[in-house]
Structure formats: structure tokens, C-alpha cells
Amino acid sequence: MSATQDHGGSGASGRTARTAAVIPAAGRGVRLGPGAPKALRPLSGTPMLVHAVRAMAGSRSVSLVVVVAPPDGADEVRLLLDAYPLSGSLTDTTEVVVVPGGETRQESVRKGLAAVPETVTTVLVHDAARPLVPVDTVDAVVAAVRDGAPAVVPALPLADTVKEVEPRTGERAGEPEPVVGTPDRALLRAVQTPQGFDRATLVAAHEKIALEGDGATDDAGMVERLGVEVVVVPGHEEAFKVTRPLDLVLAEAVLARRRANDGF
Ligand SMILES: Nc1ccn([C@@H]2O[C@H](COP(=O)(O)OP(=O)(O)OP(=O)(O)O)[C@@H](O)[C@H]2O)c(=O)n1
Ligand SMILES: C[C@](O)(CO)[C@H](O)COP(=O)(O)O
């Protein structure tokens with residue numbers, strides 16, 4: 001099922017430019033441990049997905065949010081989103097659409113992208129699992145796309161040294177893995193979301209990768225395979241991905257810090 005929620009205004013028409021955000025939220029969250037699908041789990045009493053939708057709608061540029069729900073969970077997600085205000089603003093006019101997702105993140109994004117009208121020129125793809133991305137990071141990505149970059153990723157330098165290893169498989173699984181290299185850390189970046197794209201570029205990238213039967217762990221990686229340049233803008237430490245149980249502790253701490261700061 002797909003449905004539209006217009007939060008108190010004239011839909012997408014209230015915003016000047018056509019930017020849409022696709023939020024893949026169809027994952028199970030296996031690495032987080034047993035429980036509800038990750039996007040529906042609460043952070044300070046509010047589902048992670050709602051935080052992520054608010055983060056996108058908080059950008060004045062974003063007029064449409066497409067939420068990609070678990071394949072059989074679109075109705076439940078629609079009801080959930082309807083139960084939470086999008087933001088504190090009565091003038092908010094962001095449109096929120098819910099569509100069912102697929103078996104992989106890539107398939108979920110492709111299905112979300114299919115719900116983005118052709119009038120949209122800039123598309124953000126943002127993990128529901130990165131609920132706390134600040135609006136300034138979202139705006140910086142949108143601005144870089146509008147300035148002419150076909151693909152933009154927010155990213156941070158690495159804090160750890162990275163080793164390339166030879167994985168042990170089969171009968172040798174579990175044995176220590178030999179190190180085969182140490183890439184120059186200064187040349188590496190840890191990539192976050194929202195990733196921003198010229199719409200036609202992102203559509204072409206997903207079509208190519210689906211045709212070739214390949215996989216990619218992020219959307220910018222698909223665009224790279226088209227031979228199109230991807231550029232990096234500064235990411236933010238609060239845009240981390242909630243992946244493992246300790247990340248929930250960090251997310252609650254970030255929200256507590258925001259509440260404390262708001263109190264001043
Ligand atoms: N079939 C899938 C798989 C993932 N995602 C989404 O892609 C984002 C990033 O994925 P990840 O953090 O890996 O989430 P999960 O796949 O849920 O995590 P895990 O691998 O631990 O199960 C998440 O917002 C997740 O909901 C999706 O929409 N559809
Ligand atoms: C898109 C992403 O968040 C960029 O860092 C990441 O690649 C998603 O990976 P996951 O394994 O699906 O969480």
C-alpha cells in the first residue's frame with residue numbers, strides 16, 4: 001500500500017525546489033539483536049524511523065519523503081507515522097509516502113525511487129538507521145547537488161587504522177586472518193547518509209546495477225560504477241548508523257545532550 005500524509009499544508013507545493021528524500025527502512029536489524037524491525041524500535045520513546053523522517057523534513061529543501069517499509073509492513077508503518085507529528089511546526093508541508101521495500105537495501109531504495117515523481121530533480125537517500133543526522137548536514141548535501149555535483153556523500157575521516165586481510169573461510173574459518181595490507185588512512189573516509197543525487201543519475205545507476213545483477217553497499221558506489229564523479233562533503237559524528245546494541249546507548253546519550261542543550 002502507499003499513502004500520502006500532508007502535514008497541515010498544501011503538500012509539496014509549499015516548498016520552492018523539488019527535493020525528495022528516500023528513507024530505506026525495510027531492514028530487520030539482525031546485528032541489533034532480537035526485537036521489532038530496527039526502524040520501528042524506540043529512541044527516547046519515539047521510533048527510530050520517526051526521528052529519521054523528522055531529520056529529512058527538518059530541511060527546508062525537502063518537500064517529499066518516501067519511506068520504504070518492510071515488504072509486508074507498509075500499512076503498519078503508515079499508521080505509525082500518522083500517530084506522530086512530523087515536527088513542532090504547524091506550517092510544515094512535507095508530504096510523506098510509504099511504499100513496501102525489498103529483500104536488500106538496494107532493492108528497497110530502487111522501490112522508493114520508483115515513487116519519486118519525475119518533477120523532482122534532487123534525491124536524497126537516507127538510512128532510517130541514521131536517525132540523528134543534523135539538519136545542517138542534510139542541507140550541505142542538498143546544496144552541493146544543487147551547485148552541480150551529480151552525486152554527494154557526507155563522510156568523516158577514520159579514527160582507526162584499517163587493515164586489509166585475507167578472510168579465512170570453510171575449514172579455516174575462525175583462524176587468525178593474515179594481514180595483506182594497510183591502506184593510507186589519510187586517503188580513506190567513512191561514508192554516511194543522506195547521500196544526494198541528481199535524480200536522473202541515481203535512476204540510471206540503479207537501472208545499471210539491477211540489469212547487471214550486481215550489488216553495492218551504498219548508492220554512491222553504484223554511481224561510481226557509471227563512471228560519474230562522486231564528491232564528499234563533511235559528515236557529522238551524530239549521523240552514525242545504529243547497527244549494534246552499543247549504538248543505541250550512544251543514540252540515547254546524544255538525545256539526552258540535545259534535550260539538556262535545549263533547556264538552556
Ligand atoms: N532489505 C533492506 C535492508 C536494509 N534496509 C535499510 O537500509 C538501512 C541500512 O541498513 P542496515 O543498517 O544494514 O539495516 P539492517 O539491514 O536492518 O541491519 P542488519 O544488517 O543488522 O540486519 C536501514 O535503514 C535499513 O532499514 C532496507 O530498507 N531494506
Ligand atoms: C549506506 C551506508 O550507510 C553508508 O555507510 C552503508 O553502506 C549501509 O551499510 P549496511 O551494511 O547496509 O548497514
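# A tour of two ligands and two pockets

Begin at ligand 2, where an oxygen atom is 2.4 Å from an N or O atom in the side chain of Lys-241. Keep in mind throughout that this is a predicted model.

**Stop 1: ligand 2**

Stay on ligand 2 and select Arg-130. An N or O atom in the Arg-130 side chain is 2.9 Å from an oxygen atom of the ligand. Next select the backbone of Val-191: a polar atom there is 2.6 Å from an oxygen atom of ligand 2. On its own, ligand 2 has 360 Å² of accessible area, and the protein covers 74% of that.

Now show the whole shell. Arg-31, Arg-105, Asp-127, Arg-130, Val-191, Thr-193, Thr-217, Asp-218 and Lys-241 surround ligand 2. How many residues of this shell are nonpolar, polar and charged? The shell divides into six charged residues, two polar and one nonpolar.

**Stop 2: the peptide bond at Thr-193**

Thr-193 belongs to the surroundings of ligand 2. Follow the chain from Thr-193 to Pro-194: the peptide bond joining them is cis, with omega about 10 degrees. Colour the strands to place this spot. Pro-194 is in the loop between strand 11 (189-191) and strand 12 (195-198).

**Stop 3: ligand 1**

Select ligand 1 and the residues around it. There are 18 of them, and Pro-24, Gly-29, Val-30, Arg-31 and Ser-108 come nearest. Arg-31 is also among the residues that surround ligand 2.

Three contacts can be checked here with the distance tool:

- Ala-26: a polar backbone atom is 2.9 Å from an oxygen atom of ligand 1.
- Lys-38: an N or O atom of the side chain is 2.9 Å from an oxygen atom of ligand 1.
- Ala-128: a polar backbone atom is 3.1 Å from an oxygen atom of ligand 1.

Of the 560 Å² of accessible area that ligand 1 has on its own, the protein covers 86%. Colour the shell of ligand 1 by class, and it shows seven charged, six nonpolar and five polar residues.

**Stop 4: the largest pocket**

Hide both ligands and show the surface. Which pocket held ligand 1? Ligand 1 sits in the largest pocket, and ligand 2 sits in the largest pocket too. The volume of this pocket is about 900 Å³.

Its lining consists of 30 residues; Arg-31, Lys-38, Arg-105, Ala-129 and Lys-241 lie nearest the centre. Some of these names have come up before: Lys-38 has the side-chain contact with ligand 1, and Lys-241 has one with ligand 2. By class, eleven lining residues are charged, ten are polar and nine are nonpolar.

**Stop 5: the second largest pocket**

Move on to the second largest pocket, with a volume of about 380 Å³. Select His-51, Arg-54, Leu-132, Leu-255 and Arg-258, which lie nearest its centre out of 17 lining residues.

Which helices each supply at least two residues of this lining? They are helix 1 (48-57) and helix 7 (245-263). Helix 7 gives the largest share, four residues. The lining of this pocket has eight nonpolar residues, five polar and four charged.

**Last stop: Ser-44**

Finish at Ser-44, in the loop between strand 3 (42-43) and strand 4 (46-47). Check the backbone angles of this residue. Ser-44 is not a glycine, yet its phi is positive, at about 50 degrees.

Technical notes
Residues numbered from 1 in each chain as written. Chains lettered and ligands numbered in written order. Predicted model: local features only at pLDDT ≥ 70, side-chain atom pairs only at ≥ 80, totals over all residues. Heavy atoms only, no water. Near = heavy atom within 4 Å. Polar contact = N/O pair within 3.5 Å; in protein donor to acceptor, adjacent residues only side chain to side chain. Areas by Shrake-Rupley, 256 points an atom, 1.4 Å probe, with all protein chains shown as cover. 1 Å grid on protein atoms, 1.4 Å probe; cavity = no way out; pocket = protein on both sides within 12 Å on 5 of 7 lines; lining within 4 Å. Sits in = over half its atoms within 2 Å of the grid points. Nonpolar A, V, L, I, M, F, W, Y, C, P; charged D, E, K, R; others polar. Points joined across faces, edges and corners; volume = space filled by probe spheres on them.
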